[in-house]
Amino acid sequence: MYQLLPMKRGYLLVIFLFSTFLSFAQPVYSPERRAELETEWMRDSLNATPAQVKKISRIALDYQRNIDKVINKSGTVAKKLWAKKDAQLKTILNKKQFQRYYTREKRIRELAKIKPIRGDRQPY
């Protein structure tokens, strides 16, 4: 009986550590959900018009689907996708909206450890 007690503690410890590990796991969103969240942010933060939101939604979904395909590849591919996305959004957003979008994206890209293709230059 006394031999089983340390074994039970070991199982409890493993279960506790595993459950703690799982609690720190980040949710993985689908490309559709990530595009939806990005579109919502642009609609709310950039005061995008309904026509802009419709176009932004298509661009965001296309980008999110493509980024999943190249996520484990080199940063060059991601930079090209970012440049394409930026160019498309630049045609839809006005200067003030694009500047705000680009400031946010620059922070996100720095956190991802992949520098924007434009470097430190301003987008306009």
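Start at L46 in this predicted model: setting aside neighbours within four places in sequence, L46 is in contact with W41, L93, Q97, R100 and Y101. L46 also belongs to the largest nonpolar core, which has 13 residues. Within that core, M42, L46, I56, L89, L93, F98 and Y101 touch the most other members. Four helices chip in, with at least two core residues each: α2 (31–45), α3 (50–70), α4 (75–92) and α5 (95–111). Apart from this core lies another one, made of six residues, including Y63, V70, L81 and W82. In soluble globular proteins, nonpolar side chains tend to be buried together.

Now for the charged side chains. Side chains of opposite charge can pair when their charged atoms come close, and this structure holds nine salt bridges. One of them joins E36 and R33, with the closest N and O atoms 2.8 Å apart. Both residues sit in helix α2, three residues apart, or about one turn of the helix. E36 is partly exposed at 40% relative accessibility, and R33 is partly exposed at 32%.

Other pairs reach between helices. K84 forms a salt bridge with D62, the closest N and O atoms being 3.9 Å apart. K84 is in helix α4 and D62 in helix α3, so this pair ties together parts that are 22 residues apart in sequence.

Then look at E105 and K85, another salt bridge, with its closest N and O atoms 3.9 Å apart. This pair links helix α5, home of E105, to helix α4, home of K85, across 20 residues. Are these two buried or exposed? E105 is buried, at 4% relative accessibility, and K85 is buried too, at 3%. Both belong to a network of salt bridges that also takes in E38, D86, R104 and R109.

Note on methods:
Residues numbered from 1 in each chain as written. Predicted model: local features only at pLDDT ≥ 70, side-chain atom pairs only at ≥ 80, totals over all residues. Heavy atoms only, no water. Core = buried A, V, L, I, M, F, W, Y, C linked by side-chain atoms within 4.5 Å. Buried < 20%, exposed > 50% of the residue type's maximum accessible area, 1.4 Å probe, protein only. Contact = heavy atoms within 4.5 Å. Salt bridge = Lys/Arg side-chain N within 4 Å of Asp/Glu carboxyl O.
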